[in-house]
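Here are a few exercises to work through with the model open in front of you. Try each one yourself before reading the solution.

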Amino acid sequence: MNTVTAALATLAVLTATVALPQVAGPGRTPLLLSVRQHTHGPCKVTQIVESDGPFVDPAVFYAGIGLDEVRKACPPGAAGHIADDGKLVFATQIFLVQRPGLNVLIDMGSGNDKERPEQPWWHHQKLASLGLTPDDVHFVFFTHLHDDHVGFATTLRNGRWVPAFPKARYVASKIDWDYFASLPKATRHPSFDDSVLPLANAGVLDLVRDGERRAGLRAHLSPAHTPGLVLYELEGTNVWFVGDLLHHPAQFVRPEWKSASYDFDPAAVGAERRKQYGRLADANAVLYAAHIGQPYRVLREGESGFTGRICR
Ligand SMILES: [Zn+2]
Ligand SMILES: [Zn+2]
């Protein structure tokens, strides 16, 4: 039994939330790092929650749309995605997918030892608190190459960023790679240079196009949030990892509501979400979105055409 399996075997029953030791970097507010575990056919999916809490005022995130309207748009049971103080609740998560003999991580959170002054509370979370041995990880997938999805991919060794999982192949969207690599270094987010470029330099980064598969995950291109965002379908199940296709459950009901200034092509977001929601609803898919703390299904329902349901 490897360390990952041993650690997970100690967890409580499925879908339980387990509080792990509080961790924090020097001078940081301690945050609880939790995990939530689910079984889907032959696969186990573990949500490794880097952070989960009140994040932003609705009117800021949704460009002037007020709290009452956002509450109305939240699907049934999603009230927990608005905090008591009226702020929208966002999570940052890494997903561990396990089949017998295979450990896969999807998205890499914000990461250790990386200075992101605009988000100081995301720093210095300890993936190792889960007992996850880096050597146990076979693949790391990125839905896209934003800073909050690549952070744990590399680790600092002797002053250099090197792959954090020495035996893993890393998989990213070719379109995202081409786009971010083409930006001048001075204008792109430093995460590309400290968390993605070192993977390519080490020869461990594979690039996928629409429809291609690796390690039982099939990539489906969904451009808008970034030029090459991909959704990963876990073959043999109805599970999809959708990254930042949406950021908040109100966007199931209001696909056209934009995510602040986070989207590469905001004009395309609404139509792209509708297209993907249709295929996900038809597949009765269970969605894991990087910033939504619970898995959801998307249903064809209501005036706007879609809604979401938390999977219990
Ligand atoms: Zn993003
Ligand atoms: Zn994100």
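Two residues are in contact if their C-beta atoms, placed from the backbone, lie within 7 Å. Keep in mind that this is a predicted model.

**Exercise 1.** Find out which residues Val140 touches, leaving out those up to four places away in sequence.

*Solution.* Start at Val140 and skip its close sequence neighbours. What's left is Leu105, Met108, Ala153, Phe165, Ala168 and Tyr170. Next, put Val140 in context: the largest nonpolar core has 75 residues, and Val140, Tyr232 and Leu287 touch the most other members. Strand 4, residues 88–99, gives this core its largest share, seven residues.

**Exercise 2.** Take stock of the whole chain: how many helices and strands are there, and what percentage of the residues is buried?

*Solution.* Count the elements to begin with: you should get seven helices and 17 strands. Then turn to burial: of the 312 residues in the chain, 45% are buried. Finally, look at the contacts with a separation of 6 or more: 65% of them join residues 24 or more positions apart.

**Exercise 3.** Locate Asn158 and Ala260, then work out whether Asn158 is buried or exposed and whether Ala260 is buried or exposed.

*Solution.* Begin with the backbone angles. Most residues other than glycine have a negative phi. Asn158, however, has a positive phi near 50°, and Ala260, which isn't a glycine either, has a positive phi of about 45°.

Now place them. Asn158 sits in the loop between strand 7 (154–157) and strand 8 (160–163). Ala260 belongs to the loop between helix 6 (250–253) and helix 7 (266–282).

Last, count neighbours. A residue is exposed if 12 or fewer other C-beta atoms lie within 10 Å of its own. Asn158 has 5 C-beta neighbours inside 10 Å, so it counts as exposed. Ala260 has 12 C-beta neighbours inside 10 Å, so it counts as exposed too.

**Exercise 4.** Go to Ala281 and work out how far apart Ala281 and Leu299 are in sequence and in space.

*Solution.* First find Ala281 in helix 7. Along the sequence, Ala281 and Leu299 are 18 residues apart, yet their C-alpha atoms are 5.3 Å apart in space. Then list the contacts: beyond its neighbours within four places, Ala281 meets Val298, Leu299, Arg300 and Phe306. To finish, check exposure: Ala281 counts as partly exposed because it has 18 C-beta neighbours inside 10 Å.

Methods: Residues numbered from 1 in each chain as written. Chains lettered and ligands numbered in written order. Predicted model: local features only at pLDDT ≥ 70, side-chain atom pairs only at ≥ 80, totals over all residues. Core = buried A, V, L, I, M, F, W, Y, C linked by C-beta atoms within 7 Å. Buried ≥ 20, exposed ≤ 12 C-beta atoms within 10 Å, placed from the backbone. Helix = DSSP H or I, 4+ residues; strand = E, 2+ residues; numbered from the N terminus.
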